[in-house]
Amino acid sequence: MNYQTSQSKGDRFMKGWQTLFSKSQQTGKKPFPKDRFFSPEELEFLDTTQSELSLLEKWALQLGKWARDKSETSNFPQVKWQAGRFSTWVDNIEEIDSKNKQIERFRQLKANGYVLPSAYESMIEDKLGKDLVGMFFKQGHGNKERICTVDAYIGGNSARESHIAYSTFLSPSTQPELHEIPLARFQQLIQSKELVQLTPEEAKSWVKGRELVEAARKDFMALQKDIGKTYPLNFGGDFPAVSRKQIFSQFLQKNITPLSWSLNAKDDMKVNFYVNDRWEKVQQLDITPLNAHQHMELLRVVKTQLESDNLNAHLEKLMSCLGNKIGDSILFTPNSPGGIQTTDDHADGVLLSNTGKLSAFKKPKNVEIPLNTDDLKLIKEGLIKEGVTKIALLQSKSPEETEQLAQLTKELTMILGSKQAFNQHLSHVLSSPEPSQKEFKEASKEDHVNDQQEVALMKDYVQSMKDANNPFSGDMMLLPDETEIKTLFQEQEMLEDDYERNVSSMDLKARNQMEVQIQKSVDHYEKKLSSLIGDYFSQEKLQQKKNAPENEEKVYMSSEDGFFEPLKGRWHTEEHLHTQAYSQYGKLIADRLSLQVTYPELPWIKSNAALPQGINGDKFDSKTSLLLSILTEKEGYEVPIYMTLDDIKRENLKVDISKEGFCLSDGKTLQTVYNIEQTNFSMEHPQKWEQLRKSCKVSASKQTSVIGMLTEKGKYPAQVIFDGRKGLVSYSAKEDAIHLAPHQLFESEDDYMRDLSIGLVRSTRKEAAKLTRYEHLVKEELLAHMGGAMIGQRCKFDVKGLDYNKYWKDLLKQDPGFTKHALTSAEHAVNIIFQYVEKANQAESPDKGIDLRTSTPIDMDVDGNGIIESQENMAADTKQGENEQAHDHKEDTMLPHTSKSKCSR
């Protein structure tokens, strides 16, 4: 921010308000200057006359001289004063006063006693209010001093005066208190010195402090998120004695040694430590999002230890799945000819001891390779690659899922963090030649040429292989007799037996020579065996390709195969899965809002898009329909038809594993749905698929009249008054009236219907409309927009965004509870509105109707406040307000055609 600019804005603000509210100036009786044309001759006269000029004449002369100098001529141009704005001509091009210049002229006119029209008064007020945004003030003294930051200016209308929204802080680390007061009252606080503007240096220091606190808070929240992603889940641990280090605590101003850390149920962190060398006296620090900036050095140490613990846990899991148990240790020998890469070399084998130590060694003498953290990360990547390759080979060898395949798939999915990440690794392997077969052939090209008969004799051995990714996992007794491979195997065994019998009597030189001879024999045998098995797989695959139909582009799996039961524990409870679902909804809507900022013409939902539905034509409720429509467009689906797991099983379909399902929650039950394009429906039922595609391309006609009729007297409880401003529809709870701009002021029917819909949604929340805190107003604004989008979707008109508030995006992404409340409350409001639509519709024609399968009957107490909805706005305010807070979070609707089941991951 330019702090000098901010300071000058504050000076102009003070002068502007003195002008606007000075009592002596309110008594001025000069009429506002009428439109006037200044000819070149008149300007020449004004330039030479000795008479005192009026303010308007001075401005006209100044503007004329400026235009004359810019045109580099000796003659004055014409100058025009019209509709409160000056203009002139430079080189035959009209130059018009900017809006800021115009407002400054209005301010000077007012200061000189002219009476301004109300529209011009509002322009001055808006300019002064907007100039305040971003400024910093001090309020109070000593321990009670607060810093105030001006967040927003909220323009007024005929029903409500202009307001200023601002936040107050006791310190950079405290949570802000949100306030909203009239603009005039805010000016009084400034004039009375209750609010004092910060100097540029003070403002810069404050902003820097807040940025440090916010950055630390984000780092702390990111660390909590990393903790939630650990596998196995790790909510605390010790700092190993061998790696403990002293660090300097800025908060304590002492050297401390961290001992352990833990994350408690409230997501606050506790760190145990001792000071200097006093290990017998253990102390504890509590770290929260608000004080994280004071303990950044501790958080960095915890993050490093967490990453180390998680890496070691992943290596242990991978070794357990891939390696062979040897006593209390686990040994894994990679099948890739190049082994597993390390930073400076490669490992031909990896050993995990019973103490948890991981070692790597290299052939031929099995020399241990020193490992650092970067080496461990590379070994983890190598083990993941080996595991995914093994899965691909197991799947190609047998279509039936084995226990080993299921376990390996599950562990790799958890280690990689998501099914999507696992699918990407698997797709990469499947899209290239099978690694083991390719490597087998490449390893044998130089030394071995195998005839087809020799390859065919390997059938029994290949079928005995326990690991399709390991050519040496078969029964050696099944190697075909009287063949080269059998001879090589026997030679290798004889050399090894000879070495074991005589090694104790050999000198160092003889032992080394024997080891080299054995290694050559082993290499020769392994290359030959690899080449035979590679050729065998190649012939088998070639035969399969001849007999198999053309490969499908997508990878499918049955609905049971691709998903696991949710894990138990704090992060995978039923309640947490509901929270995850609404967190997903919040991010989905926030992303849509971000797009609307970039593309202002982009509506919430395109009106010509077909409504989402089930495979049998079942309709979704308004909330679910809105979410699935946004999802459909985001993912690029052509057909907005969604299927449950039961639907998929009933149709005997398979699911595309490249994308996950979408979890639907109503706060009580969970249901995962998949777009029909995620299944092989189009291949199983091509004719029906084409019918569905065509039906989704047929656009339904607009039904704006069903909402428009509610503006007629007697058809809706709240009165609609056409005295508002375009794009600024408001609702007055006191008047029980919607203030809407006249229809003719809108460029399109859709924009008019958007404003009307938002106003109608607000009118259903009469008690909420009486609350004036800034935070509450922002939430209600988003809720009204959601409701408007639901109405637009049902009535087939575009609902484009109005004002975009960054607070919306933060709320949606950070607070799943708010997302749930906003969606269910918006849907509740929309249901009430369509009850009145139905009632008005039936009054006009008993035979006319609209599909209200998601609505509640008109004479029911929908929100549980003791008043039926048809009489809600006619009831006493005290009665209606009693349960306002209580029912805000209970406005849940049931999902259509759902059963109580857990959400698949």
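A residue is called buried when its relative accessible area is under 20%, and in this predicted model phenylalanine 106, at 0% relative accessibility, therefore counts as buried. That residue is a useful place to enter the structure, since it belongs to an aromatic cluster that also includes Phe32, Trp59, Trp81, Phe86 and Tyr120.

The structure holds 14 aromatic pairs. In one of them, the ring centres of tryptophan 81 and phenylalanine 86 lie 4.8 Å apart with their planes at 55°, so the pair is tilted. Tryptophan 81 has 0% relative accessibility and so counts as buried, and phenylalanine 86, at 0% relative accessibility, likewise counts as buried. In another pair, phenylalanine 106 and tyrosine 120 have their ring centres 4.3 Å apart and their planes at 20°; because planes under 30 degrees apart count as stacked, this pair is stacked. The pair links distant parts of the chain, with phenylalanine 106 in helix α5 (residues 99-111) and tyrosine 120 in helix α6 (residues 118-132), 14 residues apart. Tyrosine 120 has a relative accessible area of 15%, and is therefore buried.

Charged side chains also meet aromatic rings. Arginine 105 lies over the face of tryptophan 59, a member of the cluster, at 5.1 Å from the ring centre. Elsewhere, the charged end of arginine 794 sits over the ring of phenylalanine 834, at 4.1 Å from its centre.

From the rings we turn to a loop. Proline 334 lies between β16 (329-332) and β17 (340-341), in the loop that separates these strands, and its relative accessible area of 10% means that proline 334 is buried. Leaving aside residues up to four places away in sequence, proline 334 touches Gly339, Ile340, Ala347, Asp348, Gly349 and Glu386. One of these contacts, with aspartate 348, joins residues 14 apart in sequence whose C-alpha atoms are 6.5 Å apart in space.

The last element is helix α19, which comprises residues 622-635. At 1.5 Å a residue, its 14 residues should span 20 Å, and because the C-alpha atoms at its ends are 20 Å apart, the expected and modelled spans agree. Helix α19 is mostly covered, with eleven of its 14 residues buried; the buried residues run from Ser622 through Lys623, Thr624, Ser625, Leu626, Leu627, Leu628, Ser629, Ile630 and Leu631 to Thr632. An α-helix has 3.6 residues a turn, so residues three or four places apart point the same way. After α19 comes glycine 636, whose phi is positive, near 75°.

Notes. Residues are numbered from 1 along each chain as its sequence is written. This is a predicted model: local features need pLDDT of at least 70, side-chain atom pairs count only at pLDDT 80 or more; totals for chains, interfaces and linings use all residues. Side-chain values use heavy atoms; hydrogens and water are left out. Helices (H or I, at least four residues) and strands (E, at least two) are DSSP runs, numbered from the N terminus. Buried means under 20% relative accessible area, exposed over 50%, partly exposed in between (1.4 Å probe, protein chains only). Contact means heavy atoms within 4.5 Å. The expected span of a helix is 1.5 Å times one less than its number of residues. Rings of Phe, Tyr and Trp (its six-membered ring) pair if their centres lie within 6.5 Å; planes under 30 degrees apart count as stacked, over 60 as edge-to-face and the rest as tilted. A charge sits over a ring if NZ of Lys or CZ of Arg is within 6 Å of the ring centre and within 35 degrees of the ring normal.
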